[in-house]
Amino acid sequence: MTTTRTAGGTSRLARTVGILAIVAGFVMIGAGAATWATVSSQLSAQDITVSEDAAFLAGDTVDGPFSAYAQAQVIDKHALEATGGQTYAQLEQDDPLRDTAMNASFLRASLFTSVVAYGVSALVMGLGVLVGLMGASLRSLGAATPAVAAPRPATTRTHLTTAA
C-alpha cells in the first residue's frame, strides 16, 4: 500500500523563507555598502594624506581601509621617533612628550576603528550575498517540489531461535 504526501505546505514554507532570505540579503548588502560609503566620505572629509615616508601608499588620500592602515602605521613610527622609542605608558607622568604619545595613540585608534568598520561592512555585504543566494536556492527548491508517492514501510517481525 502506498500513501501520497503533498509537499504543498513544505514548498510554500521554503518559498516564503527564500523570499525573506533574499530580502535580508539585499538589506545586508545595502547596509554594508552604506557603511563603507559613510566611512569613506568621513575620512575623505578630513583631508588626510598618507605621509611620504609611509611603507606603502605614500601620498595617497586617506579614504579607504589600506590608506587608513598605512597612515596609522606611520603615525606610530613618528610618535616613537619623537618619544625616543617609548610609548605613552612607558613615559614618566610629568614628561612633556607624553601628550605627543597620547595624541598619536588616539589618532591611530581612530584610524584603526575605520579599518575595522571597513572590514565589518565588507563582511556584512559578503554575508548578504550568501544569504540572498541561499534564499534563491530555497525558492527554487520550493517551486520544484512535486507531490510524492512514497511506499508505506512494511513492518515484519523476525524471531530468533537459539539452539540448545
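1. Three helices and two strands make up the secondary structure of the chain, and in this predicted model the elements follow the order β-α-α-α-β from the N terminus.

2. The chain has 164 residues, of which 24% count as buried. Its accessible surface comes to about 11,000 Å², and carbon and sulfur atoms account for 63% of that area. Among contacts with a separation of 6 or more, 62% join residues 24 or more positions apart.

3. Helix α2 covers residues 65–82. Its 18 residues should span 26 Å at 1.5 Å a residue, and the end C-alpha atoms are 26 Å apart, so the expected and modelled values agree. Just after α2, Gly84 adopts a positive phi of about 70 degrees.

4. The buried residues of α2 are Pro65, Ser67, Ala68, Ala70, Gln71, Ala72, Val74, Ile75 and Ala79. As general background, an α-helix has 3.6 residues a turn, so residues three or four places apart point the same way.

5. Phe66, which is also placed in α2, has a relative accessible area of 62% and is therefore exposed, the cut-off being over 50%. Together with Phe56, Leu57 and Tyr69, Phe66 makes a nonpolar surface patch of about 400 Å².

6. Ser51 belongs to the loop between α1 (8–45) and α2. Its relative accessible area is 18%; because buried means under 20%, Ser51 counts as buried. Beyond its neighbours within four places in sequence, Ser51 is in contact with Ala58, Gly59, Gln71, Val74 and His78. Of these partners, Gln71 and Val74 are among the buried residues of α2.

Note on methods:
Residues are numbered from 1 along each chain as its sequence is written. This is a predicted model: local features need pLDDT of at least 70, side-chain atom pairs count only at pLDDT 80 or more; totals for chains, interfaces and linings use all residues. Side-chain values use heavy atoms; hydrogens and water are left out. Patches are made of residues with over 30% relative accessible area and no salt bridge: like charges are joined within 9 Å, nonpolar side chains (Val, Leu, Ile, Met, Phe, Trp, Tyr) within 5 Å. Accessible areas come from the Shrake-Rupley method with a 1.4 Å probe; for residues, only the protein chains shown count as cover. A salt bridge is a side-chain nitrogen of Lys or Arg within 4 Å of a carboxyl oxygen of Asp or Glu. Helices (H or I, at least four residues) and strands (E, at least two) are DSSP runs, numbered from the N terminus. Buried means under 20% relative accessible area, exposed over 50%, partly exposed in between (1.4 Å probe, protein chains only). The expected span of a helix is 1.5 Å times one less than its number of residues. Contact means heavy atoms within 4.5 Å.
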